[in-house]
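Thanks for making the time this morning. I would like to walk through one model with you, going from helix packing to the two domains and then to the ligand.

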Amino acid sequence: MKDLQTLRREVEILSQKAGAFMKSECQKMDKNRIEKKGRNDLVSYVDKETEKMLVKELSALFPEAGFITEEGTTEQRKSTYTWVIDPLDGTTNFLHQLPLYCTSIGLLKGDQPILGVIYAPETDELFSAHQGGGATRNGKPIHVSEAETIEDSLIATGFPYQRFDKMDAYLQILDHLMHNTHGLRRLGSAAIDLAYVACGRFEAFYEYNLKPWDVAAGIIIVQEAGGKVIDFDGQDNFLFGKQLIAGGGIVGDLQQLIASYWYK
Ligand code: IPD
Ligand code: CA
Ligand code: CA
Ligand code: CA
C-alpha cells in the first residue's frame with residue numbers, strides 16, 4: 001500500500017469535496033427527500049449520495065481495502081484494511097440547518113484505526129491523523145486538554161436514540177456531571193465531539209450506543225493528539241462495543257465515575 005502520509009492527504013482532499021457538496025445542499029434541502037430509519041433517526045439523499053461518492057473514490061485510492069459504511073452503499077466487508085465511513089455525521093443538525101455536521105472517514109488495519117479524517121464544512125475545519133504521524137486541525141498540530149479534574153472540565157456526550165435497560169444509571173451519570181463540571185454539551189455529531197476532544201475544546205466525551213462509523217476516524221485523531229480512548233470498563237472494546245470514553249488527563253477519573261453508576 002502507499003504510505004499513510006500520502007493517503008491521509010488524499011483523504012483530506014476527498015473529505016473537503018464531500019463537505020462542499022453537503023454545504024451546498026444544506027441551504028436548499030428538499031424536505032421530500034428525507035426518510036426515517038426510525039422515529040427519530042433521519043437520513044437524506046445527501047447522506048446517501050455523499051457516501052456513494054466516497055466509496056467510489058476511496059476504492060480507487062486503495063483498491064485492496066474493504067468497507068463499513070452507515071448507509072450501506074456497498075457490502076459491509078472487512079479485509080486487513082477497512083474504510084469506515086460516516087458520510088454525514090450530524091444528520092439531524094444538517095436537516096435543521098445547524099452548522100455542526102461533518103464527514104468522517106477512518107481506515108482500520110485489523111480492528112485498529114490507523115488513519116482518520118473529519119471535515120466540518122460550515123466551520124471549514126479539517127481534523128486528521130495517522131498512526132505515528134500526529135493529529136492536526138487545518139494543518140496545525142493539536143493536543144488534548146491537560147486538565148486534571150472532572151470539576152475543571154467541559155464534557156460532551158450524546159443521547160442514544162432508543163430507550164435501553166440502563167436508563168436509571170445513565171440519568172444518574174448525567175445528573176452528576178451536570179452539577180459537578182464546567183458543563184455538559186450535546187452537539188449532535190459524535191465525530192465533531194471527538195475532534196473537539198482532540199484539540200482540547202472538550203476535556204472528554206462519552207456516549208453509549210455509538211456505531212463504528214461514528215467513531216473510527218475520531219479515535220485515531222484523539223489518540224494521536226495524546227489522548228486516550230477506553231470503554232466503560234476501562235478496556236479497549238470501544239470501536240464495535242457501543243461504549244466509548246475519550247479524553248485527556250481526566251479520562252481515567254471519568255471512566256471510574258461512569259462505571260460506578262453503570263455497574264452498580
Ligand atoms: C449520530 C450523531 C449523534 C449521536 C448518534 C449518531 P448520524 O450520527 O453522531 O451525535 O448521538 O448516536 O447516530 O446519524 O447523525 O450520522
Ligand atoms: Ca444516521
Ligand atoms: Ca453518525
Ligand atoms: Ca451519518
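**Helix contacts, domains and the ligand shell**

Let me begin with one helix pair, where Ala169, Gln172, Ile173 and His176 of H4 meet Leu257, Ile258, Tyr261 and Trp262 of H7. Sorted by class, the residues of this contact of H4 with H7 are 6 nonpolar and 2 polar, with no charged residue among them. Please keep in mind throughout that this is a predicted model.

As for geometry, two packed helices are described by the angle between their axes and the distance between the axes. For H4, residues 167-179, and H7, residues 251-262, the axes come within 8 Å and cross at roughly 140°, and H4 and H7 are therefore oblique to each other. The crossing in which H4 passes H7 is right-handed.

The next pair is helix H5, residues 190-198, with helix H6, residues 212-224, whose axes are 8 Å apart and form an angle of about 5°. That angle makes H5 roughly parallel to H6. On the H5 side the contact involves Ala190, Ala191, Leu194, Ala195, Val197 and Ala198, and these meet Asp214, Val215, Ala217, Gly218, Ile221 and Val222 in H6. By class, the contact of H5 with H6 comprises 10 nonpolar residues, 1 polar and 1 charged.

The third pair is helix H1, residues 4-26, and helix H2, residues 45-61, which pack at an angle of about 160° with their axes 10 Å apart. H1 is thus roughly antiparallel to H2, and the crossing of these two helices is right-handed. H1 contributes Leu7, Glu10, Leu14, Ala18, Phe21, Met22 and Glu25 to the contact, while H2 contributes Val46, Thr50, Met53, Leu54, Glu57 and Leu61. Here the contact of H1 with H2 divides into 9 nonpolar, 1 polar and 3 charged residues.

Let me turn to the domains. The protein is divided into domain 1, covering 4-141, and domain 2, covering 150-262, and the centres of the two, taken over C-alpha atoms, are separated by 21 Å. How many residues of each domain are in contact with the other? There are 37 residues of domain 1 in contact with 23 residues of domain 2. On the side of domain 1 that touches domain 2, at least two residues each come from strand S3 (66-69), S4, H3, strand S5 (102-109), strand S6 (112-120), strand S7 (125-130) and strand S8 (135-137). S6 gives the largest share of that side, with 7 residues. The residues of that side of domain 1 divide into 18 nonpolar, 13 polar and 6 charged.

Finally, where does ligand 1 lie with respect to the two domains? Both domain 1 and domain 2 give residues to the shell around ligand 1, so the ligand lies between them. The surrounding residues are Asp86, Asp89, Gly90, Thr91, Thr92, Gly158, Gly188, Ser189, Ala190, Glu207, Leu210 and Asp214. Strand S4, residues 81-89, and helix H3, residues 91-95, each supply at least two residues of this shell. For those of you thinking about chemistry at the bench, the shell around ligand 1 divides into 2 nonpolar, 6 polar and 4 charged residues.

Two of these residues have already come up, since Ala190 in H5 and Asp214 in H6 belong to the contact between those helices and are also listed around ligand 1.

Key:
Residues numbered from 1 in each chain as written. Chains lettered and ligands numbered in written order. Predicted model: local features only at pLDDT ≥ 70, side-chain atom pairs only at ≥ 80, totals over all residues. Near = placed C-beta within 6 Å. Helix = DSSP H or I, 4+ residues; strand = E, 2+ residues; numbered from the N terminus. Nonpolar A, V, L, I, M, F, W, Y, C, P; charged D, E, K, R; others polar. Domains from an automatic or database assignment. Contact = placed C-beta atoms within 7 Å. Axes fitted to C-alpha atoms, helices over the stretch in contact; angles between N-to-C directions. Parallel < 35°, antiparallel > 145°, perpendicular 65-115°, else oblique. Left-handed = near helix turned anticlockwise from the far one by under 90°.
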